[in-house]
Amino acid sequence: MAKKVLIISSSPRKGGNSDMLCDEFMKGVLETGNEVEKIFLKEKAIHPCTGCSVCSMYGKPCPQKDDAAGIVEKMIAADVIVMATPVYFYTMCGQMKIMIDRCCARYTEITNKEFYFIIAAAENDKGMMERTIDGFRG
């Protein structure tokens, strides 16, 4: 049975290193007969969480009218989620962190998934890059 794979590219540069790695991952997904969709966050309007607590305290949808809710729906529907980021100051870029923060209301529905993390950095020390992976795992 084909899996639904969602790739979230948070590179601020289309065709940048982490985005290019997303495209290569996508080729592999297609070659194995799975479904794939790539979301390029730079092309989406995603506002930072305002901490209003409408979602967490009252269980209501986020009042912000942007693209985040649709992306969260796709994350819930996916079997596999790939999250890609360039590494800035030893952590994920702001675009990815904002998207993760907007998952707050429904993160308990984003379960039983395979997750893959793609990171690109100007750093050779694997230990330093583990900070970014730990941020995703958190």
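## A walk through a predicted fold

Valine 5 has valine 36 of strand β2 as its bridge partner. This model is predicted, so to speak a computed picture to explore. Valine 5 belongs to a wider pairing: strands β1 (residues 4-9) and β2 (residues 35-40) run parallel and are joined by six bridges. Together with helix α1 (residues 17-31), β1 and β2 form a β-α-β unit that is right-handed.

Now let's look inside. Nonpolar side chains tend to be buried together in soluble globular proteins. Here, the largest nonpolar core holds 20 residues, and Ile8, Ile71, Met75 and Met99 have the most contacts inside it. Two or more residues of this core come from each of β1, α3 (68-77), β3 (80-88) and α4 (94-101). Helix α3 gives the largest share, five residues. A second core of eight residues is separate, and Ile7, Val80, Ala84 and Ile118 are among its members.

Which residues does methionine 99 touch, leaving aside those up to four places away in sequence? They are Leu41, Ile46, Ala68, Ile71 and Val72.

Finally, turn to the backbone. Most residues other than glycine have a negative phi. Two residues in the loop between β3 and β4 (91-92) have a positive one:

| Residue | Phi | Relative accessible area |
|---|---|---|
| Phenylalanine 89 | about 50 degrees | 80% |
| Tyrosine 90 | near 65 degrees | 30% |

Are these two exposed, or partly exposed? Phenylalanine 89 is exposed because its 80% is over 50%, whereas tyrosine 90, at 30%, counts as partly exposed.

Technical notes
Residues are numbered from 1 along each chain as its sequence is written. This is a predicted model: local features need pLDDT of at least 70, side-chain atom pairs count only at pLDDT 80 or more; totals for chains, interfaces and linings use all residues. Side-chain values use heavy atoms; hydrogens and water are left out. Two strands pair if DSSP finds at least two bridges between them. Helices (H or I, at least four residues) and strands (E, at least two) are DSSP runs, numbered from the N terminus. A crossover is right-handed if, with the strands pointing away from the viewer, the path from the first strand over the helix to the second runs clockwise. A nonpolar core is a set of buried Ala, Val, Leu, Ile, Met, Phe, Trp, Tyr and Cys residues joined through side-chain atoms within 4.5 Å. Buried means under 20% relative accessible area, exposed over 50%, partly exposed in between (1.4 Å probe, protein chains only). Contact means heavy atoms within 4.5 Å.
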